[in-house]
Amino acid sequence: MNITKLQIVVLIEKYKKVTDVAAELGLKQPTVSFHMKSLESELGTSLFQYRSGRVLLTEAGRALYQYAVRIVSLAVEAERSLKQFSSLNSGNLELEASYIPGTYVLPKIVSQFINLHPGIDAVLSVHNDNTVRERLRSGIYSWQCFIWRRMKMSPSRRRIFAGMTLYLFLLLTILSPGKPSLPRRA
């Protein structure tokens, strides 16, 4: 069972015609029919009945329909919710830095980022080195770096940061216990 098959159940109830369901999903009619038969085979029961050129749900089909509506709705909601993370249209960015990068480097970068992505709420807090290190040890951060230098970016990262001068803290990285490590460079 997959989302497409559940979408077909929902749309069969709405349109009562396989061709209309196929058009709605952007599929060919034989593909929709195949998925319908496959779902019936998978569940071991008849879900659809054909009458006068219309497709109706059987009692088992109506029982599945109740769940299919909720599952399809949740899938749409999850997709919509997750798109906000990939689009950088909304979200929160919380940065904490020691004095030098937090005062001289990051404000300009964060400002450029906010101008490019006005839906992102960004907060930059500046602390002394000991506080930043202690917050790392306590598990508040996944990782932090103290020494920085300018880094060349790949084309995909350039698109994300669109013209920003990006400084990455590369030379000394400290990982927090119990947090995942940084991805390894290829």
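**Group meeting: a walk through the model**

Okay, let's start with Ser52, which has a relative accessibility of 80% and so counts as exposed. Keep in mind throughout that this is a predicted model.

Where does Ser52 sit? You'll find Ser52 in the loop between strand 1 and strand 2. Its phi is positive, about 50°, although Ser52 is not a glycine. As a reminder, most residues other than glycine have a negative phi. The hairpin around Ser52 has 2 residues between its strands. On either side of that turn, strand 1 covers residues 48-51 and strand 2 covers residues 54-57. They pair in the antiparallel sense, over 4 bridges. If you want a spot to click on, go to Tyr50, which stands opposite Val55 in strand 2.

Okay, back up along the chain to helix 3. This is residues 29-43. With 15 residues at 1.5 Å a residue, helix 3 should span 21 Å, and its end C-alpha atoms are indeed 21 Å apart. Now, which residues of helix 3 are buried? That would be Val32, Ser33, His35, Met36, Leu39 and Glu40. And why do we say they line one face? Look down the axis of helix 3: the buried residues fall within an arc of 160°, so they line one face of the helix. Flip to the face turned away from that buried side, and you get the exposed residues Pro30, Phe34, Lys37 and Ser41. Yes, there's a Phe in that exposed set, Phe34. Then, just after helix 3 ends, Gly44 takes a positive phi of about 70°.

Helix 3 also brings us to the salt bridges. How many are there in the whole structure? A search of everything turns up 2. The general idea is familiar: side chains of opposite charge can pair when their charged atoms come close.

One of them joins the side chains of Lys5 and Glu42, at 3.0 Å from N to O. That pair links distant parts of the chain, with Lys5 in helix 1, residues 3-15, and Glu42 in helix 3, and their positions 37 residues apart in the numbering. Are the two partners buried or exposed? Lys5 has a relative accessibility of 9%, which is under the 20% cut-off, so Lys5 counts as buried. Glu42, on the other hand, is partly exposed, at 40%.

The other salt bridge is between the side chains of Lys16 and Glu13, at 3.6 Å from N to O. Glu13 is partly exposed, with a relative accessible area of 27%. Lys16 is worth a look for its backbone as well: it has a positive phi of about 65° although it is not a glycine. Its place is the loop between helix 1 and helix 2, the latter being residues 18-25.

Right, let's jump further along to the β-α-β part. Strand 3, helix 5 and strand 4 make a right-handed β-α-β unit. Strand 3 is residues 91-97, strand 4 is residues 120-126, and they pair in the parallel sense over 7 bridges. To find your place there, Leu93 stands opposite Ala122 in strand 4.

The helix of that unit, helix 5, runs over residues 99-116. Its 18 residues reach 25 Å from the first C-alpha to the last, close to the 26 Å expected at 1.5 Å a residue. Where does helix 5 bend? The bend is at Leu106, by about 50°, and a proline, Pro107, follows within four residues. Leu106 is also one of the buried residues of helix 5, a list that runs Pro101, Gly102, Val105, Leu106, Ile109, Val110 and Phe113.

Let me pick out Gly102 from that list. Gly102 has a relative accessibility of 4%, so it counts as buried. Its C-alpha and that of Asn128 are separated by 9.8 Å, with the two residues 26 apart along the chain.

Last stop, Glu96, which is found in strand 3. At 26% relative accessibility, Glu96 counts as partly exposed. Its partner for a distance check is Thr131, 35 residues away along the chain, and their C-alpha atoms are separated by 9.9 Å.

That's the tour, happy to rotate things if anyone wants another look.

Technical notes:
Residues are numbered from 1 along each chain as its sequence is written. Side-chain values use heavy atoms; hydrogens and water are left out. A salt bridge is a side-chain nitrogen of Lys or Arg within 4 Å of a carboxyl oxygen of Asp or Glu. Buried means under 20% relative accessible area, exposed over 50%, partly exposed in between (1.4 Å probe, protein chains only). The expected span of a helix is 1.5 Å times one less than its number of residues. The arc is that of the directions from the helix axis to the C-beta atoms. Two strands pair if DSSP finds at least two bridges between them. The bend at a residue is the angle between axes fitted to the seven residues ending there and the seven starting there. A crossover is right-handed if, with the strands pointing away from the viewer, the path from the first strand over the helix to the second runs clockwise.
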